[in-house]
Amino acid sequence: MELDEFWDVIDAARADVAGEIGQDGEALAKALTDRLGRLSPAGRTAFGQTFAQLSAQALRWDVYAAAYLIGGGCDLDGFEDFRFGLIATGKDWYAKALADPDALAGNPVVAEAADWDDDSAIFAELVGDAVAEVCAVDLRKQGDPAGERFDVDDDLIMRARLPRLAALFLGWPANEGCRC
């Protein structure tokens, strides 16, 4: 399956749910299951393999740090769900996040989650589960994140590495005030 075909299936499923993926990705998982059911067995296998490859590409410590901030904490199992949701955001946001995880601060869903103190933005466990089931691919336990590991519990480090996300989820540093 060509990468553009893969993203077309994701976009079509997102259109089916008007971009509202639902709690834990439930609505999108159902739409994606329906879309994948229309593919040939070879097409489903190829879709699953591509999904697994994209999930593995996002298996990086800097992306994990973004998930940690957005989720108000995150273990490696939760990070899998975040990566599934990151793919579910579509080609553009996936690419932006891999180029610069801090760019997720500009994602409307992430910004709204920060306003509402919602720690579920982007996490979409059920999307990955649906793809795994329909495409017969194992998406769990893909290994350890790549890149430089750093202390995600250190606010100063997080502010330096992911300043926009840190401002959304950690608030402004003492004596900084709002930079609106």
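Contact, in this talk, means heavy atoms within 4.5 Å. With that term in place, I shall turn to the structure above, which is a predicted model.

I begin with Phe 82. Setting aside residues up to four places away in sequence, Phe 82 touches Val 63, Ala 67, Ile 70, Leu 104, Ala 121, Ile 122 and Phe 123. Phe 82 also belongs to the largest nonpolar core, where it is among the residues with the most contacts, together with Phe 47, Leu 86 and Leu 104. That core has 58 residues. Its largest share, nine residues, comes from helix 4, which spans residues 61-70. As general background, nonpolar side chains tend to be buried together in soluble globular proteins.

Next, I consider Phe 51, which is found in helix 3, residues 41-57. Is Phe 51 buried or exposed? Phe 51 counts as buried, because its relative accessibility is 0% and the cut-off for buried is under 20%. Leaving out residues up to four places away in sequence, the residues that Phe 51 touches are Phe 6, Phe 84, Ile 87, Val 127, Gly 128, Val 131 and Leu 139. One of these deserves a further remark: Phe 84 is 33 residues from Phe 51 in sequence, while their C-alpha atoms are 8.3 Å apart in space.

I now move to the empty space in the model. Rolling a probe the size of a water molecule over the atoms shows where such space is left. The largest pocket has a volume of about 490 Å³. Which residues lie nearest the centre of this pocket? They are Gly 19, Ile 21, Val 109, Ala 121 and Ile 122, out of 22 lining residues. Two of these names are familiar, since Ala 121 and Ile 122 are also touched by Phe 82. By class, the lining comprises ten nonpolar, seven polar and five charged residues. Helix 5 (76-88) and helix 7 (108-116) each supply at least two lining residues, and helix 7 gives the largest share, namely five.

Finally, I turn to the backbone. Most residues other than glycine have a negative phi. Ala 136, however, has a positive phi, near 55°, and Lys 141, also not a glycine, has a positive phi of about 55°. Where is Ala 136 placed? Ala 136 lies in the loop between helix 8 (125-135) and helix 9 (155-161), and Lys 141 is likewise found in the loop between helix 8 and helix 9. Ala 136 counts as exposed because its relative accessibility is 72%, and Lys 141 is exposed at 62%, where the cut-off is over 50%.

Note on methods:
Residues are numbered from 1 along each chain as its sequence is written. This is a predicted model: local features need pLDDT of at least 70, side-chain atom pairs count only at pLDDT 80 or more; totals for chains, interfaces and linings use all residues. Side-chain values use heavy atoms; hydrogens and water are left out. On a 1 Å grid over the protein atoms alone, a cavity is a set of points where a 1.4 Å probe fits but cannot get out, and a pocket is an open set with protein on both sides within 12 Å along at least five of seven lines; lining residues have an atom within 4 Å of a point. Grid points are joined across faces, edges and corners, and a volume is the space filled by probe spheres set on the points. Helices (H or I, at least four residues) and strands (E, at least two) are DSSP runs, numbered from the N terminus. Ala, Val, Leu, Ile, Met, Phe, Trp, Tyr, Cys and Pro count as nonpolar, Asp, Glu, Lys and Arg as charged, and the others, Gly among them, as polar. Buried means under 20% relative accessible area, exposed over 50%, partly exposed in between (1.4 Å probe, protein chains only). A nonpolar core is a set of buried Ala, Val, Leu, Ile, Met, Phe, Trp, Tyr and Cys residues joined through side-chain atoms within 4.5 Å.
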